[in-house]
Protein chains: 2
Amino acid sequence: MATDHTGVVPGAGSRTRRRADAERSITAIVEAALVAFRSDADATMADIARTAGVGRVTLYSHFPSREELLEEVMARAIEDVRAVLAAVPVEGPPARDALAGVVRSCWQVLDRYRSLHAAAVRVLGPERMRARHDEPLATIGALVERGQHDGTIRADLPRDWLVATVYSLLHAAASETEAGRLSPGDAAGVLEATVVSALSPAPAAG
Amino acid sequence: MATDHTGVVPGAGSRTRRRADAERSITAIVEAALVAFRSDADATMADIARTAGVGRVTLYSHFPSREELLEEVMARAIEDVRAVLAAVPVEGPPARDALAGVVRSCWQVLDRYRSLHAAAVRVLGPERMRARHDEPLATIGALVERGQHDGTIRADLPRDWLVATVYSLLHAAASETEAGRLSPGDAAGVLEATVVSALSPAPAAG
DNA sequence: TCTAACCCGAACACATCTGTTCGGGTTAGA
DNA sequence: TCTAACCCGAACAGATGTGTTCGGGTTAGA
């Protein structure tokens with residue numbers, strides 16, 4: 001710990017200014033990690049370095065460990081989700097319609113990151129992974145709760161389960177697309193239709 | 001290759017009769033593999049041997065490689081699913097009702113094997129994993145097709161996607177249960193309700 | 001009882017990955 | 001131009017896992 005890892009994330013006034021080529025390397029590495037993890041959850045540091053077109057030593061000079069690299073990549077993905085979620089109107093329309101919008105937005109991001117999820121779960125462990133998703137998932141949870149009150153979302157099933165359903169279908173759509181069984185163009189619409197049906201109040205409950 | 005691995009699966013007339021203690025070891029190993037993989041997808045051969053209460057050498061004498069062991073364990077799991085699926089009346093009642101029964105049955109099996117799936121995907125790879133599931137999934141696919149004809153299952157979404165939805169929700173229920181966010185007692189009912197809603201014809205399609 | 005089948009710990013060869021060090025080359029940027 | 005920051009291949013130490021061999025002990029089962 002306590003490396004002079006001055007913060008890969010820009011924005012804050014980084015006191016030790018990095019040279020432009022270093023900045024370029026870091027970007028290439030993060031990008032490569034995304035690509036590498038997409039095709040193989042066990043991608044090694046050597047794989048990633050090769051994909052990024054940098055030396056392994058360079059990689060280690062920026063990210064002291066494999067875990068920290070994953071951490072950074074995950075942080076960017078989650079940040080994207082958070083940003084997208086924040087931009088969606090959650091208060092205005094009926095919950096079910098808002099939900100459809102949220103699902104579409106999440107899909108945009110997920111489509112970018114696809115199987116990163118699997119890799120991250122393995123390295124970071126399910127708990128820490130869950131922690132990362134907690135914030136966006138809580139947003140969805142709140143939306144579901146509102147819907148359960150205004151009657152546009154079913155109230156006969158636990159809220160946590162409904163959130164898990166959304167999460168699960170989102171990732172299912174990602175892997176079906178990846179596998180070529182679902183066309184990327186259809187995915188968003190199909191996904192939205194399925195989520196809405198699953199979360200709508202049951203018409204003739206048994 | 002070409003080991004004298006006379007076939008761990010009984011049934012066929014195994015020419016080299018195994019001694020009773022060997023049979024016992026094999027059972028213990030398969031059982032242990034199930035337990036070990038449940039808690040850690042990366043369980044080593046040493047872990048499994050320890051859990052089974054046998055020596056590592058003994059393990060290797062029965063299963064020449066980690067992969068073959070996984071293969072065998074998976075085969076048993078799939079066989080269970082197949083058996084359960086075969087016992088369910090698929091022809092009689094309307095497709096949607098039959099589907100509910102199928103989901104419940106699959107859940108019984110999945111509840112036993114839970115996170116074996118994750119481990120198997122990692123070792124066997126997604127394609128071979130998919131191949132294993134193809135048969136049971138085809139059964140569900142046929143059922144969905146029938147439902148799309150008799151009108152009890154929605155026809156506005158691709159059949160493959162509906163099958164994927166079932167598959168995905170099944171595994172979501174497994175991990176939610178594992179995580180303690182869904183009580184084992186509720187799981188079957190909650191799952192069934194969700195699948196039925198997701199696959200029922202949309203009442204007021206957009 | 002007797003023997004082949006089985007069990008098993010110890011130790012080995014081999015592979016692979018992580019993270020580090022060394023030493024020299026390249027380049028951004030003042 | 002000049003130098004600190006950066007890049008990088010080679011090579012190392014250390015950890016961990018796989019699959020095998022050896023040599024001796026135990027037990028099923030005829």
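Colleague: Which atom of DNA strand C lies 3.2 Å from a polar side-chain atom of A:R19, and what counts as a polar contact?

Modeller: A polar contact is a pair of N or O atoms within 3.5 Å; within protein, one atom must be able to donate a hydrogen and the other to accept it, and residues adjacent in sequence count only through two side-chain atoms. In this predicted model, the partner of A:R19 is a base oxygen of DNA strand C. Another base oxygen contact on DNA strand C involves the side chain of A:R56, with an N or O atom at 2.9 Å, whereas for A:M45 a polar backbone atom is 3.4 Å from a phosphate oxygen of that strand. Residues are numbered from 1 along each chain as its sequence is written, while chains are lettered from A, and ligands numbered from 1, in the order in which they are written. Local features need pLDDT of at least 70 and side-chain atom pairs pLDDT 80 or more, although totals for chains, interfaces and linings use all residues, and side-chain values use heavy atoms, without hydrogens or water.

Colleague: How many residues surround DNA strand C, and which are the closest?

Modeller: A residue is near a strand if one of its heavy atoms lies within 4 Å of it. For DNA strand C there are 22 such residues, and the closest are A:A20, A:R56, A:R66, B:R19 and B:S25. Sugar or phosphate holds 64% of the atoms of DNA strand C within 4 Å of the protein, and bases hold the rest. Helices are DSSP runs of H or I with at least four residues, strands are runs of E with at least two, and both are numbered from the N terminus; here α1 (20–39) and α3 (56–62) of chain A, with α1 and α3 (56–62) of chain B, each supply at least two residues of the surface near DNA strand C. The largest share of that surface, 4 residues, comes from α3(B).

Colleague: Which element gives the largest share of the surface near DNA strand D?

Modeller: That is α3(A), with 4 residues. Around DNA strand D there are 22 residues, of which the closest are A:R19, A:S25, A:G55, B:A20 and B:R56. Of the atoms of DNA strand D that come within 4 Å of the protein, sugar and phosphate account for 64%. In the side chain of B:R56, an N or O atom is 2.9 Å from a base oxygen of DNA strand D, while phosphate oxygens of this strand lie 3.1 Å from a polar side-chain atom of A:T58 and 3.1 Å from a backbone N or O atom of B:R66.

Colleague: What turn and shift lay chain A on chain B?

Modeller: Two copies of a chain are related by a rotation about an axis and a shift along it. Here the turn is 179 degrees and the shift 0.0 Å, with an RMSD of 0.2 Å, after least-squares superposition on C-alpha atoms of residues with pLDDT of at least 70 in both copies. This is the relation of a two-fold axis, and the C-alpha of chain A nearest the axis, that of A:A198, is 2.1 Å from it. The copies meet through the same surface, because 100% of the interface residues of chain A are also interface residues in chain B.

Colleague: Why does A:Q148 count as buried?

Modeller: Buried means under 20% relative accessible area, exposed over 50%, and partly exposed in between (1.4 Å probe, protein chains only). A:Q148 counts as buried because its relative accessibility is 18%. This residue lies in helix α6 (residues 116–150) of chain A, and a polar atom of the A:Q148 side chain is 3.0 Å from the backbone oxygen of A:R154.

Methods: Contact = heavy atoms within 4.5 Å.
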